[in-house]
Structure formats: C-alpha cells, structure tokens
Amino acid sequence: MTDIGEQAWSLIHPSVRNAAQATAAIGRFDDAIFAAYRIVEASVQERIQSRAIGQALIAEAFDGPDPAIDLAEDARDREALKQLFAGALGHIRNDRSHKKMPAIPCPDAQTCFQFLATASLLLFYLDQDRRLRPRIAAFQVTGTAASPSLQIHGERLDRVRAIARDGSTVSSSVRSPTLLEVSLPPDYVGVVALHHAGGDPLEVLADTRALLQRPQSHEIVLAADMPLFSDADCLEQRQDVVGLLLLARQGGGRPFTRIYPAARGAYHVGQYVTHGPFETSIVGPTWYVDATSNQRKSAWSGSAVARPSILGASGRRRHIGISILPGDVRLGQGERRCLRVRAFGVDGPASTEHDVTMEVSWSTSAEQIAYVKGGALYGKEFGEATIEARWKDLIATARVRVVALTRGTVVKYFQGLRHLQQIAFDRSDNLYCVNQSESVFCISTDGRFTEAVRIEMDDSAAYGIDCVHLASNDELYLSNVARREALRLRRRDGRFQGAECVGTSVGGTKKAIVSDQQGRVFVAVMGNGDKGQILRIDPDGREAVFQTPDMAIYLAIAPDGSLCTPSTRYRAVHVFNGDGELIETIHHGCSDSAAGIAVDQEGAILLPFFHSGRLLRIDRRGDAPVLRFIADGLGTPGGIAVDSRGRVYVSDFAGDAIRMLL
C-alpha cells in the first residue's frame, strides 16, 4: 500500500484529514502522524483554554473528581481514557517532535493510516465530552391550545443539529445556547428529539394538555364486585347485582366516594371509568359492609344500575407541566402577594394536578424589583421582572409589575384554589377562604398560605365548607353543607381549636354567618318552602329565629348594626334590625343572582352577581339609594369581603381566583 485511498480518508475525523492528507500523499508519513497528533493536543488545549503541553496538559484536562474534560461517568473509565491520551501524546507525538528519527518510524501508508485512525479515535472521544453535550435543564409547554410550542431551557443548546418530532425533522425553531423553542401542532402528545454530535438524541415528552390547566372529571374504581344486601342487617345478599365503589373528582373539586349497583365481573380496581351510562332498571334500598371499618352502611334508597365505560388503567402517572398562579402580578411598592405553583400530569387516561409550591426553586430576572421566598412575592422597587419556578425538569415563568396602583383598579390578588366560595378577613387583614372542601385556608398579609382549619368529613361527602366568618373576638365560624351544620372554633395559642356546633335549635342547611359589635351571631338557614330564616345567637347562647320574605343565603352587617341580605325573587336587598324587623327593601332590578353581599365602612352595600361577573354598589347616604356598577369581568363570583383599608375582594368560583378592587 503506497497511499491512502479516498474511501479510507472518508473514515478519518475531518480535522485529522485536513492536517495530514497532503503530507501523507507525498510519502512523509511521520510528518503526517505528527501533524495529526498535534491537532489532538491543540484540541485539548482549546477545550480547556490552556497553554500547557504534554503530560502537564493531560493532567490539567483529565485529573480530579470533576475533570475539565469529562469523558465518562465512572472514575475508573475516566482514568483509563486519560492514560490513552497520555500514551498517545507522550509516545506517538513526542517520538516525532523531540528526536531526529522516531524510535519506531512509519514504514508505509498502511501503517500511517493506523496511526491516523488512532488520532481520529482520540478526537471522537473529545467530541463525547459530557461538558460539551447539550443539556436539558427544564422545559415547558407554552402558547395556546390552538398554537402550542415547547420551550426547552438548558446549556449548549446551540450544539443541537436537528430537531425531530414523530420521526420528521422540524424546521420551525428558535435557538440560543440556553433556550430552544419548537412549534407543536394542537393536541400534540409525543416525543421531541434533539439530535447532536455527542451521542444519542436528547428527548422531551411534550404534552399540550398542560395548557388546559384543569383536571378532567373522572372516576376511578376503588372496589368491584362488592356484596350487596337488601336488609339493614346485611343477611339477605342480592344475587343480581354487585357494588361498584368509585372515587369521583368533578372539575378539580373535592374527591368523594359513591357506590352503584353494577354487573358482576365487569370492572376491576384501578380502572378509570366514565360517569354512567345507567340502565333503566332500579335497585331498591340496599346496604353493604364497609371493608375498612367492618360497619354496615346504607348504599342507596334506590339506584339505577351503572354501566360506565372503561377509559383505561391507573398507575401510569407522569407530570407534563407546572404553572405559577397568578401568571401576571401587579402589586404596589413594599407589598407582598401569595403565589402558588400547580403541577399538571396524566395518569393513564386521566388528567391530574397537585400543589408543589413549597417544592420549587425560584429565581428572578431583577432581584432589586421583586423576588420570591417560600411562595411569597416581595415587591421592592418600581419596575418589571420575570420570576421563574423550577420543579424537577419542568419550568414556569410569570410577569411581575411593581407599580403605583390607582383607585378603581382591579388586580388578581390570589389564584390557586379550585371552587373558591366565601372569603372573610380577620382584624389583622389576613384573608380566609373556603372552597367546598374540609379546609379553611388563610392568605396572610405577608404572603404566606396556610391551612387554618380542617374538619372531619365522610368520604362520601361531595361538598364541605362553603361559608366562613371571623368575629371580632377571634372566633371563627364556618358552615358545613355536608352536615347542614354551623361550627364555631376559638383561637387558642395561635390556632383555631375545639369545633362545636351552634344554631342547633333550627333545622335546615346553614349558610352565611356574620356577627355584630354586640357579639350577636346571625346565621342564614335554608329550609323548605318560599320563606327564609335567619338564626340569631346571643352572647349568652340563647337562640332566636326570624323569617325573611324569601330564602336567605348571604348576610352582611352594616356599620349601624343593621343586617342585609340579597333577595333574588324581589331583585332587592332586605335590611333588618338585630331583632328581625324589616327596616327597608332596596330594589336594584337585576335579574342575575347575587353571589354574596358586603357592606363597606361608609355603609355602601356591595353585590357581586354570579352570571355576569359585575359588582353593584348601593350608596345609602342620601335621601334615595344610588346604584351603580363599579366593576365587571369578575368571573363567576363565589364570595366578597372588604378589608380595613376599604379594598374590595371578590372570589371567582370558576376561575379559581380572588380579585382585589382598590
């Protein structure tokens, strides 16, 4: 072999070929070998920005637990590769650079090719340097459901040579060393592959369902083929049907259990199923034995036979995105806000979510303007910043603007709880809220979020606490619609403790609760018929009840001690004195349903309307009430409260948010 053919040169690393081909072609084989290994040495020098040579260079590049050139995860492999480079440069290169003649001269083109191939192998190893590979740190699906995109954050992303989706190359991408964006089709669920020179492609599982940010209503089978009985003593077992115990979660609300009659052998534990369909046949009064408590329980007084469709199996959970709530924050200088971070995922066919606020790491683009600590956002100086939350390999960002907020401005104060209902302030302006669950939550003035109260609830209860009130004596009142009861808790050692039922002299579902300066507590009671009831509990514990013209659901106390309640039937607000005497009826004429009521320090009545999302203010200081809408776009209100500074807060049941009107 007198020369190296074109096919052989095509197998050599391009840098070696450029350095050695012309020299080898004229038979100067040792010079060609020296040029190739000089390229290897120069590549190592350039990689670590060093001017060292020989063994000093190799030690600088490969020594230590965190080497400058990292070719392997295992320390023994790193040492072996270091010796390979040391031997090649120490013998092959030095043998041709420090002597008149090499100790082992290259006799022909075939031997030269073997030397050049070894140099090519060394450059191949350098290309595998783990410090030069693209690295994915986090990713997020952004945009809209109609036009989604995948943002990938990391390092050395400019070394990505091609992006593929479903096996086809994607051309619509924006690249930088730290950010890469890929357009996705609507409803896309699949792998996006980043191809690079350093080995196997990096893969991201993109799922545009993260943009929906709301779990689907679904039911999962907790128990199947349960024995059912036609008698309360559970002696007469039904033969035609068995029990199907399901865990239901509707629209992100409280999970609860329910049981239906079903066919034997049709379902298995862990399956996701639809709600219904149902047969026309009805199974009469039925009981079952609870497997956990071994107690006999009523299943139903009458139920249609369920034949739900099987959606798939549970147990294949993965997370697909996170979101900072709210995603766009406006606050004043020196103010704090409470942020939440919600993780979205899928479990087989079902969408899932859970709160990960206390598990994320935070960063900000402008520390002097705003920063986050433990979920509390601090507004420092006027300006705009971007905050970032990272959880596992997922990332989310939010916009923060620190500005001078003017009177009449509506801002999103809080977001992150599903099905928000009534809200109330304590004397220190800490905001308490409920969302039909077993808990009362507190959003403190310093931006902290805590669970203030949790009551015991039966697993089969779909709804829990929907009304809350803080009395001036630090007593907390709440209504539990599952048990149609009102509870009182007293603050002890900084905690609300000792839940006790109040208002037991009157039946019916307890709703809104308020108290006056005399320590009297008023409870709206939903009963039967067209009339409503308001229960009064005096400080000495005596209870009295008075009738209202129609159903009373929401209550508010005015500064003069009068009691106000909205009336949907009369399209008005009824005003009573503390003894239940009707003082006046203020007609507003709105056909929409009021979703709460509040009275500010000036005595103005505030009514949010459920369907229109508008806020009506009724001023009563003149000869005749003055009515005007002062805000709209409040979603589907669930409650309203006013703080000590006169700012109005309205919860949004469907939008999972609380808005503040300055």
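**Strands, salt bridges and a cavity**

Modeller: Let's start with one pair: Val573 stands opposite Ile586, which sits in β44. Keep in mind that this is a predicted model.

Colleague: Okay, and how many bridges join β43 to strand β44?

Modeller: β44 covers residues 582-587, and β43 and β44 run antiparallel. Between the two strands of this hairpin there are 5 residues, and Gly580 takes a positive phi near 90°. The number of bridges joining β43 to β44 is 5.

Colleague: What about the other partner: which residue in β43 is the bridge partner of Thr565?

Modeller: β42 (residues 563-567) pairs with β43 in the antiparallel sense over 5 bridges. These two strands form a hairpin with 4 residues between them, and Arg571 in the turn has a positive phi of about 50°. Within that pairing, the partner of Thr565 is His574.

Colleague: Is strand β43 mostly covered or mostly open, and how many of its residues are buried?

Modeller: Look at both faces of β43: Ala572, His574 and Phe576 point one way, Val573 and Val575 point the other way, and all are buried. Strand β43 spans residues 572-576 and is mostly covered, with a buried count of 5 of 5.

Colleague: Let's move to another sheet. Which strands are at the edges of the one with the order β33-β34-β35-β36?

Modeller: That one is an open sheet of 4 strands with antiparallel pairing. From one strand to the next, the twist averages 25°. An edge strand here pairs on one side only, and that description fits β33 (465-470) and β36 (495-502).

Colleague: In β36, which residue is the bridge partner of Arg490?

Modeller: Strand β35 (residues 485-492) and β36 run antiparallel, with 6 bridges joining them. Follow the pairing across to β36, and the partner of Arg490 turns out to be Gln497.

Colleague: Now salt bridges. How far apart are N and O in the one between Arg17 and Glu6?

Modeller: This pair links distant parts of the chain, with Arg17 in helix α2 (residues 14-25), Glu6 in helix α1 (residues 6-9), and their positions 11 residues apart. Arg17 has a relative accessible area of 22%, so it counts as partly exposed. The side chains meet with an N to O distance of 2.2 Å.

Colleague: And Arg418 with Glu353: are both buried or exposed?

Modeller: Their side chains meet in a salt bridge at 2.7 Å, N to O. The two are 65 residues apart: Arg418 is in the loop between β28 (410-415) and β29 (423-425), and Glu353 is in strand β22 (residues 350-355). Residues with under 20% relative accessible area get this label, and for Arg418 and Glu353 it is buried.

Colleague: Why does Arg542 count as exposed?

Modeller: Arg542 forms a salt bridge with Asp540, and the closest N and O atoms are 2.8 Å apart. The cut-off for exposed is over 50% relative accessible area. Arg542 is exposed because its relative accessible area is 57%.

Colleague: Last topic: how much space lies in the largest cavity?

Modeller: The structure holds 3 cavities of 30 Å³ or more. The largest has 10 lining residues, and Arg209, Arg214, Phe344, Ser351 and Thr352 are the closest to its centre. Its lining divides into 4 nonpolar, 4 polar and 2 charged residues. The space in the largest cavity comes to about 70 Å³.

Key: Residues numbered from 1 in each chain as written. Predicted model: local features only at pLDDT ≥ 70, side-chain atom pairs only at ≥ 80, totals over all residues. Heavy atoms only, no water. Salt bridge = Lys/Arg side-chain N within 4 Å of Asp/Glu carboxyl O. Buried < 20%, exposed > 50% of the residue type's maximum accessible area, 1.4 Å probe, protein only. Pairing = 2+ DSSP bridges. Axes fitted to C-alpha atoms, helices over the stretch in contact; angles between N-to-C directions. 1 Å grid on protein atoms, 1.4 Å probe; cavity = no way out; pocket = protein on both sides within 12 Å on 5 of 7 lines; lining within 4 Å. Points joined across faces, edges and corners; volume = space filled by probe spheres on them. Nonpolar A, V, L, I, M, F, W, Y, C, P; charged D, E, K, R; others polar.
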